[in-house]
Amino acid sequence: MIFGGSRTLLLLLLFATAAVADEPAGWDMTRLMQDLAQVKIAKGRFVERKYLGILTAPLESSGTLIYIAPSRLEKHTLTPHDESLVLEGDRLTIESQQTKRRRTLLLQDYPVIWMFVESIRSTLAGDRALLQRFYEITLEGEERKWRLVLKPIDPKMQELISEIRIGGSHSRIDSIEFFESGGDRSVMTITRDVP
Amino acid sequence: MTAAQRWCSAAWLVFVVASIAVVARTTFTTDISAFLPRSPTPEQRILVEQLREGVVSRLVLIGIEGGSPEALARASKQMAAELRKHETFVSVDNGDDAGSAGDREFLWRNRYLLSSAVTPERFSAPALRERLEENLRLLGSPAGALVRRIVPSDPSGELLQILERFEGQARPATRDGVWFSRDSRRALLLAQTRAAGYDIDAQERSLALVRSAFAQAGAGDAKLLLSGPGVFSVSTRASIRHDAMRFSLIATALIAGLLLAIYRSPRLLGLGLLPIGSGAVAGIAAVSLGFGAVHGITLGFGVTLIGECVDYAIYLFTQAAPGVAPQRALDRIWPTLRLGVLTSICGFSAMLFSGFSGLAQLGLFSITGLVVAVAVTRWVLPAWLPPRFTAPVVASIGPWVTAVVRRAPVLRYPLLLGVALVAVMLAAHKGPLWSDDLASLSPVSRADQMLDQQMRRDIGAPDVRFLVVIHAQEEETALQASEAIGEMLRRASLAGLLEGYDSPSDYFPSRQSQLARQRALPAAEELRANLGRALQGLPFRPQVFEPFLKDAAAAKRMPLIDRGSLQRTRFALRLDTLLVPRESGWVAMLPLREVKDAAGVARDISAPPGARAVLLDLKHESDQLYRTYRAEALTYSLLGAAAIVLLLFASLRSPRRVFDVLAPLAAAVLATTGLLSLGGHPLSIFHLVGLLLVVAIGSNYSLFFDRQAPSGSDRERTIVSLLFANATSVIGFGLLAFSRVPVLHDIGMTVATGTILTLAFSAILGRRDGRA
């Protein structure tokens, strides 16, 4: 009886997965990731606002974002300070014009920073496997206006970040929100660069 | 047996029993540093001491490889948790939070005492304003998420200031929360044992714990790699024990077989082994009395003594002619035998004065062994020999050997030509003939040394080449001097002379500095007022900095950092390495990173009053140390050789005969050096000692060849006895050449080659007239 019961369950499960996989026109996480992976180069302007509990007003910064598939991501902040952050493979280089300092980190030495930057890069690359290594992902919305919600799995990351929301349309990302565990949050809106 | 002979036998028995009693109470050591030179300068003494018992000597580097990174990380965590339960280890680090949480806590709690930026000006309103604006910038930067939490408690940025000091230090890579090699193939742990590195028994127990923890961790097919000074001492002791035991047994068996084959008499076999046994026991007893303990390698060397001492019995047995009492035969060869023993002693006494206590032990052991063996042969053995004894083997192979020897001089000119060629070759030798590397003396194999270096690099404990060594009477003075010199080094690094440095005062500032920093913090009300002024017009919420005001007020009254405060941190280990108590005060060490201009750095540093400071180049020092000892070994060898020449002149009283005795020896030494250098490896001090032994042992052969032989049959017996004597020496030393311990291997190789050549050359260069 027990065997019979579980076999029925298994068959049901197989049918269910088959049904999902067979749906031809359905837009889902797999499609979104495939679409994102098609993009080989993306450029945009960003405006970032940080709402911090210790400050009475948000901190605002702006600059440009460049993504080159599969693993290069550049964030150049132009105001209020010239600062750049370049991620290439497993190296993260931070350079500040103001302090004239340049630091290169190996991501595997700094797991939290790695998880942090990977939320954006893996989304841009459509690398679902890597995203799922660090986050529990849910997809909301539809192809024209979607939102990925990433919740960190690692306890150390959970101490810092409670949720990351990445919003977009088709294969383009237009907003990234970080919700910090202490209640602070930052919102980055990205507009396509007009060449 | 005459009354005199009985007395001799009785005296011998008493002597052997007494020696055995001493040996029974002897302690045996395998401390590697016996084969490190005794250090002549205070700096070098610090190094050797550190090698013996310093923190460095207590480190065990542990690697786990052969598995998925996840599996290796799991095994690393389990092993660390298991090992931390044991008192045997002071600390076990694998990069997990168990270690670093303590570090963070310590730095955070003591930030106002540790930060060298804490000065009265730092907490004035304008300075605070500047720091707050910088904080705003940081909050907006990518690092914002990381600094946001500490800003309310540390707006002046003392923690960042401290962390920046440590930034240049090598750090192991991490993966899955634990240390890994850069290629993620090997998980790494670093354990520190409570026992000193020279306590090999304790080290062995610690390693057994590590192995069982690894077995419990169930890492599947993964392999455990161990390295570090303790690991090396344990494995060296094991290989010395193994080699000493194995080669002694094999040599004894082979030589016993040879004696049995030659003399066909169990009684003679027993008698032949008597001088060896007596000599070995007396040798060990002498070393025990002279040095307080006997080194394992000295015992290993006992093997060679077997080959050497058995010669005397062989001379006695083989020289016994039909119809002549053994005592008479012995009386005939005694002058030559005595001279041979004396030349051997001259050779070995050069070792007695060696700076390596290990070699000095070998010298004493050999001299005592030889003297006792020859005395037993001279005064005890003849009484026990059958009265009409003669060795049948002489009759069977004698004529054949004599024929060969008679024709040998044909090779005289080819030999001289060959030796001349070798001399030319050695003179034109490209590359170093003698090794300049102290590591050539290390009993640790090259492969193990490579593994050790690699694991050290991965774990961020690289070998340091340059360090500033500071001596002072008091710990406090040493720390103050470290701070003063640290400041000079900081300026030198800004000028590009070096990349950075590490200092004990980074973890443990002097009391003077700590008190000055406490005084530099303004009183609570003043600080509040300064902060209020600094905050005007900035977007920080009021009340945000209450934690800062509270912490600063507490820091002003908190107890100063002492060694105890560091206990639960990984800095304790670092401090114990960098700040060391000595009989005459304290020594602080500041390792330098990436020195580009050593002379410039040396010029820039000077110790404040009450302290002395020197810039030490470890590579240079250890090379220097080695060169000094090689020069010393060479000097003593030459003195030994000179003593042998003088002795020969005094005994033979004929320059011509001295030349005849020395010519084969000189040719053999040259040819042996040539053969050894053919391999392309530079020669070590141990090869040099081996050459000395070739002279000491080989002189016996050339002396016997040179001896006036009264008759043809007497000469025949002499030659056969030399052949057997040489065979036993080659067996004894030749076996050592198979040892993995460099000192045994190098000496064995050299002596086995050299003695064969000496015998052959003695025959070739021997004169054709009445002498053999």
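Leaving aside its neighbours within four places in sequence, which residues is Asn530(B) in contact with? The answer is Phe123(B), Ser124(B), Ala125(B), Leu128(B) and Pro522(B), where contact means that the C-beta atoms of two residues, placed from the backbone, lie within 7 Å. Before going on, some housekeeping: this is a predicted model, in which local features need pLDDT of at least 70 and side-chain atom pairs count only at pLDDT 80 or more, while totals for chains, interfaces and linings use all residues. Residues are numbered from 1 along each chain as its sequence is written, and chains are lettered from A and ligands numbered from 1 in the order in which they are written.

Back to Asn530(B). You'll find it in helix 20 of chain B, residues 524-535; helices here are DSSP runs of H or I with at least four residues, strands are runs of E with at least two, and both are numbered from the N terminus. Asn530(B) and Phe123(B) sit 407 residues apart in sequence, yet their C-alpha atoms are 7.3 Å apart in space. With 18 other C-beta atoms within 10 Å, Asn530(B) counts as partly exposed. That label lies between buried (20 or more other C-beta atoms within 10 Å of the residue's own) and exposed (12 or fewer), with C-beta atoms placed from the backbone.

Now look at helix 17 of chain B, residues 446-459. Its 14 residues should span 20 Å at 1.5 Å a residue, and its end C-alpha atoms are indeed 20 Å apart; the expected span is 1.5 Å times one less than the number of residues. Asp452(B), Met455(B), Asp458(B) and Ile459(B) are buried in this helix. Seen down the axis, these buried residues fall within an arc of 130°, so they line one face of the helix; the arc is that of the directions from the helix axis to the C-beta atoms. They pack against strands 2 (59-65), 5 (178-180), 6 (186-193) and 7 (223-227) of chain B. On the other side of helix 17, Arg446(B) and Met450(B) are exposed. Just after the helix comes Gly460(B), with a positive phi near 80°.

Finally, chain A, with its five helices and 11 strands. Of its 195 residues, 23% are buried. Where chains A and B touch, 19 residues come from chain A and 18 from chain B. On the chain B side, helix 6 (125-140), helix 7 (144-147) and strand 4 (173-175) each supply at least two residues.
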